[in-house]
Amino acid sequence: MIAGVIAGGIPYSASVVTDPYWLSVSSLLHFDGDLKDETGRVWDQLGAPIIGGAGRFGECITFSGSSSERVSSTSQAFGTEDWTVEMWVKFNSTSGHQNFFENLNSSGINPVGRFTIYQFLGSFRVYINLEDRIITPVPSTNTWHHLSVSCESGLVRLFVDGAIKGSWNSSGLNFDQTLTLFGAGFGTDSLYGSLDELRITKGVARYTANFTQPAAAFPNS
């Protein structure tokens, strides 16, 4: 059994074949040859990111660093409840500005409830409420890293490879924006690298202390 605290006192185990929080999962994409979301959510693709090739588990989606490549879905505001966003990410380069997950509105402006995860000059950054709130170095390029941002009662935490790298108290902020993007931001440079196993959970902060990163693809039930 893996050490660490996960919401509800349930530890993560590599042998788990079902997700105790499955009913709270609002998106789960494995990128195994397509953009299928196991929850039934529909995603729209812009440009031609490559779906396929060796991922962390199975296949993945790869972006070239162009703002013309991104994937989006609507009606996914996080609100004021607990939530978790997690994925595996591999950078081909850490140069420049690479937005790879964003929740904002369809105008592409900077509303108070905007939430962005991006890479800038070799550091992971979590941007909330008009400022960078958490910053930590990217461990390495050409290597898969598990990245998670969770929100528990307003406390936002960033984990890289299961280790907590920083936190910020959102003080009751309503994450009320409805447009979710991955691979790029709204009109900004995209990830130059790959994503795998993208999961969004609403109502649960899955990780609240250091944990061992998942050892298999996320379950579909």
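This passage describes the salt bridges of a predicted model.

Side chains of opposite charge can pair when their charged atoms come close. In this model, the count comes to 8 salt bridges. Three of these pairs are described here, together with one network.

The pair of R206 and E86 spans distant parts of the chain. Their closest N and O atoms lie 3.8 Å apart. R206 sits in the loop between β16 (192-202) and β17 (207-211). E86 belongs to strand β7, residues 83-91. The two residues are 120 residues apart. Both partners fall under the 20% limit for burial. R206 has a relative accessibility of 5%, so R206 counts as buried. E86 has a relative accessibility of 0% and therefore also counts as buried.

A second salt bridge joins R133 to E131. Here the closest N and O atoms are 3.6 Å apart. R133 is partly exposed, at 23% relative accessibility. E131 is likewise partly exposed, with a value of 44%.

In a third salt bridge, the side chains of E152 and R157 meet at 2.8 Å, N to O. The partners fall into two classes of accessibility. E152 is partly exposed, at 29% relative accessibility, whereas R157 is buried, with a relative accessible area of 11%. Elsewhere, salt bridges with shared partners join D19, E86, R199 and R206 into one network. The buried pair of R206 and E86 thus reappears as part of this network.

Technical notes. Residues numbered from 1 in each chain as written. Predicted model: local features only at pLDDT ≥ 70, side-chain atom pairs only at ≥ 80, totals over all residues. Heavy atoms only, no water. Salt bridge = Lys/Arg side-chain N within 4 Å of Asp/Glu carboxyl O. Helix = DSSP H or I, 4+ residues; strand = E, 2+ residues; numbered from the N terminus. Buried < 20%, exposed > 50% of the residue type's maximum accessible area, 1.4 Å probe, protein only.
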